[in-house]
Amino acid sequence: MEELIPLVNKLQDAFSSIGQSCHLDLPQIAVVGGQSAGKSSDPPVLEESIGLIHLLTHLFIPSRDFLPRGSGIVTRRPLILQLIFSKTEYAEFLHCKSKKFTDFDEVRQEIEAETDRVTGTNKGISPVPINLRVYSPHVLNLTLIDLPGITKVPVGDQPQDIEFQIRDMILQFISRESSLILAVTPANMDLANSDALKMAKEVDPQGLRTIGVITKLDLMDEGTDARDVLENKLLPLRRGYIGVVNRSQKDIDGKKDIRAALAAERKFFLSHPAYRHMAERMGTPHLQRVLNQQLTNHIRETLPSLRSKLQSQLLSLEKEVEEYKNFRPDDPARKTKALLQMVQQFGVDFEKRIEGSGDQVDTLELSGGARINRIFHERFPFELVKMEFDEKDLRREISYAIKNIHGVTGLFTPDLAFEAIVKKQVVKLKEPCLKCVDLVIQELINTVRQCTSKLGSYPRLREETERIVTTHIREREGKTKDQILLLIDIELSYINTNHEDFIGFANAQQRNTQTNKKRAIPNQVIRRGWLTINNISIMKGGSKEYWFVLTAESLSWYKDEEEKEKKYMLPLDNLKIRDVEKGFMSNKHVFAIFNTEQRNVYKDLRQIELACDSQEDVDSWKASFLRAGVYPEKDQTESEDGAQENTFSMDPQLERQVETIRNLVDSYVGIINKSIRDLMPKTIMHLMINNTKDFIHSELLAFLYSSSDQSSLMEESAEQAQRRDEMLRMYHALKEALGIIGDISTSTVSTPVPPPVDDTWLQPA
């Protein structure tokens with residue numbers, strides 16, 4: 001055992017510089033005992049576990065009596081006592097780590113004060129542990145955990161479920177495989193009813209980690225003894241029992257020295273006729289030797305797996321450390337090389353995010369090129385379609401245009417009315433087109449920020465790169481918008497009525513159209529996906545998610561995506577969409593579908609509220625409904641209502657003229673929209689996105705050199721310098737630890753695990 005002590009302490013020092021991930025899992029000794037062993041009428045007796053902790057710590061740290069003692073429940077918070085080898089002797093608490101305690105009376109006072117601070121002074125308990133480290137040249141690295149005694153009846157400020165709280169607290173510690181369980185039971189109590197042994201059986205059914213400890217042997221009734229128990233005959237445990245004699249409360253009040261108590265314990269076992277033949281296997285010193293042997297076994301079992309773990313970590317670090325071995329932060333050649341590599345990598349990352357060929361694919365959300373693609377083919381078409389939905393407004397405008405062209409003479413020239421309405425519709429395209437450019441710019445800037453995150457090691461370089469590229473994108477914004485507006489002005493400059501897709505006047509007069517927008521091909525599936533019906537009452541099952549299928553004629557929802565169990569099918573006739581405010585407690589985004597004729601849409605609901613996880617999904621579903629001919633609700637003012645009535649109280653000739661112009665406008669605006677939907681993505685790609693990629697590859701480096709000197713650009717962040725130093729320390733610590741493990745002799749004597757015994761007498765709690 002002695003040859004392991006200096007080597008294991010050196011190994012522990014090496015691990016402390018590596019961090020917790022490489023920490024040697026030394027055993028914790030969890031001491032579990034009852035709070036009282038007498039009847040309710042008996043005077044209060046000492047908590048069992050705390051007395052044992054006193055004797056154990058004294059064996060490690062002679063002449064140090066620093067743990068609180070008293071009657072009733074003394075340990076009201078778990079005390080994690082870490083014994084750490086050191087050349088000097090002192091103690092420190094985790095809650096006041098900057099203070100070193102050399103007077104161990106102050107340590108006891110601090111434990112009592114910290115316990116009262118959290119639990120109060122009236123016997124309250126808390127699962128929050130007190131962490132105490134004791135440094136001493138007399139110890140081997142070891143962790144003792146003193147747990148509250150198992151109590152049945154609450155006193156003072158203790159909660160009614162005190163027994164269950166303490167039980168859960170104890171199980172939390174003794175469940176760890178590295179914990180050696182000392183199940184403490186007083187000799188004047190029925191061993192078969194020991195709560196400590198029953199709980200140990202729950203977490204250690206094979207009995208490999210449990211040692212029975214019998215206290216109060218000196219307080220047994222005259223003529224009785226625990227010989228059969230201690231010889232492991234009466235109620236056997238795999239690792240057997242060890243008897244100890246603690247100080248009484250009278251001894252504590254009389255300040256009896258622990259050394260004197262140990263001498264008295266030794267004398268008791270040697271002089272008692274029932275125990276003298278096994279005195280060498282009884283007492284606190286023997287218990288300490290058992291714990292030391294258990295520690296030796298654990299170290300020997302841990303070393304092979306620990307060696308493999310350290311070798312694996314060393315191999316993973318070697319490649320990075322190779323770069324840092326001869327590292328000189330101020331080397332100009334290194335800075336130049338790093339700058340070139342960083343800028344080149346930034347360009348590659350930006351292009352991969354836009355082109356969608358990245359080696360690290362985000363599976364949580366859309367980013368980069370995928371979001372821009374969604375803007376081009378979902379968001380922008382949605383904005384265009386939103387302009388077309390108000391059929392009544394359009395007919396009213398055509399009616400006014402025809403009447404104004406009639407003037408006083410009453411002659412009608414359809415070309416003039418058609419051209420006036422078409423130009424007004426084309427001008428409306430400017431707003432959604434410019435909005436599309438703004439959305440793409442925002443996504444480009446977000447992509448730049450994501451790519452510059454890899455330059456975090458050099459904050460100044462990251463800041464300058466982001467500023468230069470963002471400034472370039474903003475410069476391209478103006479040129480792109482000018483080009484978009486030029487496209488629309490070109491469309492306005494000449495109305496091409498000879499276009500091959502234009503229906504012409506003859507066809508427009510014969511064409512029979514309805515006021516509702518023509519729908520897509522019947523039964524064509526426009527969209528599938530999950531939506532939540534948000535406004536079903538709790539009495540009827542509450543909000544529930546369904547699989548929705550939208551076609552050109554109906555909206556159906558099913559139990560799941562297999563589409564076997566249809567819940568309902570809703571025809572799209574007379575349906576419209578309206579926005580719904582998000583609920584106060586909900587993180588869902590909602591829109592509603594309702595019937596314009598005030599009919600129930602689903603069961604007794606006038607509208608169904610459909611919820612999505614994001615606003616983007618809402619906008620996408622709205623665009624799909626627009627394709628199916630379901631339009632947003634339009635608020636009508638009173639004046640518009642009046643105008644609407646005037647519009648439709650017209651003579652048959654005017655109505656035919658309105659219908660003709662309406663068909664012509666619909667045909668020509670469809671041609672314009674198709675052209676704009678095609679040209680917008682091409683224009684933005686050419687003037688903005690591709691231009692930005694070329695700028696990053698060919699001009700960014702020159703702008704960086706001109707904006708600042710290389711030395712300041714490539715100045716490392718404090719975090720990067722710290723990371724490099726930590727990595728080098730970890731590398732050297734790993735090598736040192738592997739060297740230490742190689743020096744530890746694996747031939748140290750260890751005790752084999754005792755054979756199984758019949759412990760069926762002990763049933764888990």
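Across the protein chain of this predicted model, pLDDT averages 78, and 77% of the residues come in at 70 or more. Two stretches fall well outside that comfortable range. Over residues 19-23 pLDDT stays under 50, and the model gives this segment nine contacts beyond four places in sequence. Residues 512-520 also stay under 50, here with 17 contacts beyond four places in sequence. Where pLDDT is low, the predicted coordinates should not be read in detail, so the contacts of these two segments, 19-23 and 512-520, are best left at a simple count.

As for the overall make-up, the chain has 22 helices and 17 strands. Of its 765 residues, 47% are buried. Among contacts with a separation of 6 or more, 75% link residues that sit 24 or more positions apart.

One helix pair can be looked at in some detail. Two packed helices are described by the angle between their axes and the distance between the axes. For helix α10 (residues 332-355) and helix α14 (residues 430-452), the axes come within 9 Å and cross at roughly 135°. That angle falls short of the 145 degrees above which a pair would count as roughly antiparallel, and it is past the 65 to 115 range for roughly perpendicular, so α10 and α14 are oblique to each other. The crossing of α10 past α14 is right-handed. On the α10 side, the contact is built from Phe-346, Asp-349, Phe-350, Arg-353 and Ile-354; on the α14 side, Leu-444, Thr-447, Val-448, Gln-450, Cys-451 and Thr-452 meet them. Sorted by character, the residues of this contact come out as six nonpolar, three polar and two charged.

Backbone geometry turns up a couple of oddities. Most residues other than glycine have a negative phi, and most peptide bonds are trans. Glu-563 goes against the phi part of that picture: it is not a glycine, yet its phi is positive, at about 60°. Glu-563 lies in the loop that joins β12 (554-558) to β13 (566-571). With a relative accessible area of 26%, Glu-563 is partly exposed.

Gln-598 is another such case, a residue other than glycine with a positive phi near 60°. Its setting is again a loop, this one running between β15 (589-595) and β16 (607-612). Gln-598 has a relative accessible area of 54%, so it counts as exposed.

Note on methods. Residues numbered from 1 in each chain as written. Predicted model: local features only at pLDDT ≥ 70, side-chain atom pairs only at ≥ 80, totals over all residues. Heavy atoms only, no water. Axes fitted to C-alpha atoms, helices over the stretch in contact; angles between N-to-C directions. Helix = DSSP H or I, 4+ residues; strand = E, 2+ residues; numbered from the N terminus. Parallel < 35°, antiparallel > 145°, perpendicular 65-115°, else oblique. Left-handed = near helix turned anticlockwise from the far one by under 90°. Contact = heavy atoms within 4.5 Å. Nonpolar A, V, L, I, M, F, W, Y, C, P; charged D, E, K, R; others polar. pLDDT = per-residue confidence, 0-100. Buried < 20%, exposed > 50% of the residue type's maximum accessible area, 1.4 Å probe, protein only.
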